[in-house]
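Grab a viewer and let's work through a couple of exercises on how helices pack. Each one gives a task, then a solution in steps.

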Amino acid sequence: MKSPQGWKRPFDDPIVLPDGRQLTTLEDAGNHVTELPEAVHERPEWQAAMEALILVATRGGPTMFARIGVMQALNRHVERVFDPSRAKTGIGVGGN
């Protein structure tokens, strides 16, 4: 059986949207982007995500590239904060 090609290619892991829906293929993600309000999908992060989707769908390459683009656009407002309680102490410090 032949693997899906082009826009039908599935992501290795689905992208879960804030409302609980899942994007499982490049096509699902592309449709999601195009269904966003114009003011949203014209933002640079969504344009980059769509470009990654198009490149992976038309030229091949790992679907992870497109997934990363969509995830970055979805999480554009999430502020990453360092949590010192999760840091491993002593690793890579002082030549360890």
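**Exercise 1: a helix pair**

Helix α3 passes helix α4 in a left-handed crossing (the near helix is turned anticlockwise from the far one by less than a right angle). This is a predicted model, where local features need pLDDT of at least 70, side-chain atom pairs count only at pLDDT 80 or more, and totals for chains, interfaces and linings use all residues. Numbering starts from 1 along each chain as its sequence is written, and side-chain values use heavy atoms, with hydrogens and water left out.

Task: work out how α3 and α4 are oriented and which residues make their contact.

- Step 1. Take α3 as residues 44-59 and α4 as residues 63-74; their axes come within 8 Å and cross at roughly 165°.
- Step 2. Angles over 145 degrees count as roughly antiparallel, so α3 and α4 are roughly antiparallel to each other.
- Step 3. For the contact (heavy atoms within 4.5 Å), α3 brings Glu45, Trp46, Ala49, Ala52, Leu53 and Val56, while α4 brings Thr63, Phe65, Ala66, Gly69, Val70, Ala73 and Leu74.

**Exercise 2: the whole chain**

Task: describe the chain's pattern along the sequence and its share of buried residues.

- Step 1. Count the secondary structure, using DSSP runs (helices H or I, at least four residues; strands E, at least two): four helices and two strands.
- Step 2. Read along the sequence, they give β-β-α-α-α-α.
- Step 3. Of the 96 residues, 29% are buried (under 20% relative accessible area, 1.4 Å probe, protein chains only).

Definitions and conventions: Axes are lines fitted to C-alpha atoms, for helices over the stretch in contact, and angles run from 0 to 180 degrees between N-to-C directions. Angles under 35 degrees count as roughly parallel, over 145 as roughly antiparallel, 65 to 115 as roughly perpendicular and the rest as oblique. Buried means under 20% relative accessible area, exposed over 50%, partly exposed in between (1.4 Å probe, protein chains only).
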